[in-house]
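Trainee: Got a minute to walk me through a model I just loaded?
Mentor: Sure, put it up and ask away.

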Amino acid sequence: MKQVVIDAFNAQIAKERDASVVYESLSFWCAASDYPGFAEFFAKQAAEERTHAEKLAKHMLDRGARPVLGALAAPPSQFDSLTDIAKAALAHEESNTRGVVETLEAAKAAGDYAACNLLAWFVNEQVEEEVWANRMVVLVGRATCAGSLYAVDRHIVADLTGKKD
Ligand SMILES: [Fe+2]
Ligand SMILES: [Fe+2]
């Protein structure tokens with residue numbers, strides 16, 4: 001792999017690991033605020049973001065390049081409401097999408113077709129990620145009383161993952 005692509009992969013690995021820690025923080029806030037459904041959803045997302053970082057790292061290792069990990073910033077931990085939480089998640093996914101596109105552009109410019117193929121999966125994945133994040137913002141925005149927030153929390157995992165509850 002060319003150094004410029006290795007650098008882009010390392011930067012994207014940092015973004016995926018950052019997303020994982022941010023979602024873990026969102027999960028803890030939700031659990032502590034008695035929203036067990038949201039807490040479960042974000043715990044699953046945190047685990048998923050970790051697998052994204054691992055997917056990029058495996059590709060590098062398969063091709064004889066060594067992933068290098070950096071320090072992670074402390075995630076945000078203070079939120080006023082589930083609206084704040086949903087908006088933070090959406091902003092994070094949008095930023096991750098930009099990261100994926102930048103990584104793909106670096107791979108494309110370097111003529112690295114193997115990396116481009118791997119990153120095509122990430123492009124598709126980001127479409128799905130923005131779907132749930134946008135839907136979460138809508139669902140939380142519609143819930144205007146404690147009772148409706150309770151109902152959203154109770155069904156959020158099923159709603160966003162398509163799983164029956
Ligand atoms: Fe991701
Ligand atoms: Fe994501």
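Mentor: Let's go from the overall fold to the cores, the helix packing and then a few single residues.

Trainee: Before that, what kind of model is this?
Mentor: This is a predicted model, so local features are taken only where pLDDT is at least 70.

Trainee: OK. How many helices and strands are in the protein chain?
Mentor: Five helices and zero strands. Along the sequence the pattern reads α-α-α-α-α.

Trainee: What radius of gyration does the chain have, and what would a compact globule have?
Mentor: The chain has 17 Å, and a compact globule of 165 residues would be near 15 Å, so the two agree. The C-alpha atoms fill a box of roughly 55 × 30 × 20 Å along the principal axes.

Trainee: And what share of the residues counts as buried?
Mentor: 35% of the 165 residues. As for contacts, take the pairs at least 6 apart in sequence: 73% of those join residues at least 24 apart.

Trainee: Switching to the inside. Which residues have the most contacts in the largest nonpolar core?
Mentor: Leu-26, Cys-30, Phe-38, Phe-42, Leu-82 and Ile-85, in a core of 21 residues. Helices H1 (3–32), H2, H3, H4 (113–142) and H5 (146–161) each supply at least two residues of that core. H1 gives the largest share, six residues.

Trainee: Is there a general reason to look for such clusters?
Mentor: In soluble globular proteins, nonpolar side chains tend to be buried together.

Trainee: What does a second, separate core include?
Mentor: That one has 17 residues, among them Ile-6, Phe-9, Ile-13 and Val-100.

Trainee: Back to Leu-82 for a sec. Which residues is Leu-82 in contact with, leaving aside neighbours within four places in sequence?
Mentor: Tyr-35, Phe-38, Val-140 and Leu-149.

Trainee: Now packing. At what angle do H1 and H3 pack?
Mentor: About 170 degrees, with their axes 9 Å apart. That makes H1 roughly antiparallel to H3, because angles over 145 degrees count that way.

Trainee: Which residues make that contact?
Mentor: On the H1 side they include Val-4, Ala-8, Phe-9, Ala-19, Val-22, Leu-26, Trp-29 and Cys-30. On the H3 side they include Ile-85, Ala-88, His-92, Gly-99, Val-100, Thr-103 and Ala-107. By class, the contact has 16 nonpolar, five polar and two charged residues.

Trainee: And H2 with H5, are they roughly parallel or roughly antiparallel?
Mentor: Roughly parallel. The angle is about 30 degrees, and the axes are 6 Å apart. Pro-36, Gly-37, Phe-38, Glu-40 and Phe-41 of H2 meet Asp-153, Arg-154, His-155, Ile-156, Val-157 and Leu-160 of H5. That contact has six nonpolar, two polar and three charged residues.

Trainee: Let me throw single residues at you. Is Tyr-23 buried or exposed?
Mentor: Buried, because Tyr-23 has 24 C-beta neighbours inside 10 Å and the cut-off is 20 or more. Tyr-23 is found in helix H1. Leaving aside neighbours within four places in sequence, Tyr-23 is in contact with Phe-42, Gln-45, Ala-46 and Glu-49.

Trainee: How far in space is Tyr-23 from Asp-34?
Mentor: 16 Å, C-alpha to C-alpha, with the two eleven residues apart in sequence.

Trainee: While we're on Asp-34, where is Asp-34 placed?
Mentor: In the loop between H1 and H2. Asp-34 is exposed, with 11 other C-beta atoms within 10 Å.

Trainee: What's phi of Asp-34?
Mentor: Near 65 degrees, a positive value in a residue other than glycine. Most residues other than glycine have a negative phi.

Trainee: Last topic, the next loop. Where does Arg-66 lie?
Mentor: In the loop between H2 and H3. Arg-66 is exposed, with 9 other C-beta atoms within 10 Å. Arg-66 and Ala-14 are 52 residues apart in sequence and 14 Å apart in space, C-alpha to C-alpha.

Trainee: And how does Val-68 count?
Mentor: Val-68 counts as partly exposed, with 13 C-beta neighbours inside 10 Å. The place of Val-68 is in the loop between helix H2 (36–62) and helix H3 (82–109). The C-alpha atoms of Val-68 and Ala-57 are separated by 8.9 Å.

Notes
Residues are numbered from 1 along each chain as its sequence is written. Chains are lettered from A and ligands numbered from 1 in the order in which they are written. This is a predicted model: local features need pLDDT of at least 70, side-chain atom pairs count only at pLDDT 80 or more; totals for chains, interfaces and linings use all residues. Helices (H or I, at least four residues) and strands (E, at least two) are DSSP runs, numbered from the N terminus. The radius of gyration is taken over C-alpha atoms; the globule rule is 2.2 Å times the number of residues to the power 0.38. A residue is buried if 20 or more other C-beta atoms lie within 10 Å of its own, exposed if 12 or fewer, and partly exposed in between; C-beta atoms are placed from the backbone. Two residues are in contact if their C-beta atoms, placed from the backbone, lie within 7 Å. A nonpolar core is a set of buried Ala, Val, Leu, Ile, Met, Phe, Trp, Tyr and Cys residues joined through C-beta atoms within 7 Å. Axes are lines fitted to C-alpha atoms, for helices over the stretch in contact, and angles run from 0 to 180 degrees between N-to-C directions. Angles under 35 degrees count as roughly parallel, over 145 as roughly antiparallel, 65 to 115 as roughly perpendicular and the rest as oblique. Ala, Val, Leu, Ile, Met, Phe, Trp, Tyr, Cys and Pro count as nonpolar, Asp, Glu, Lys and Arg as charged, and the others, Gly among them, as polar.
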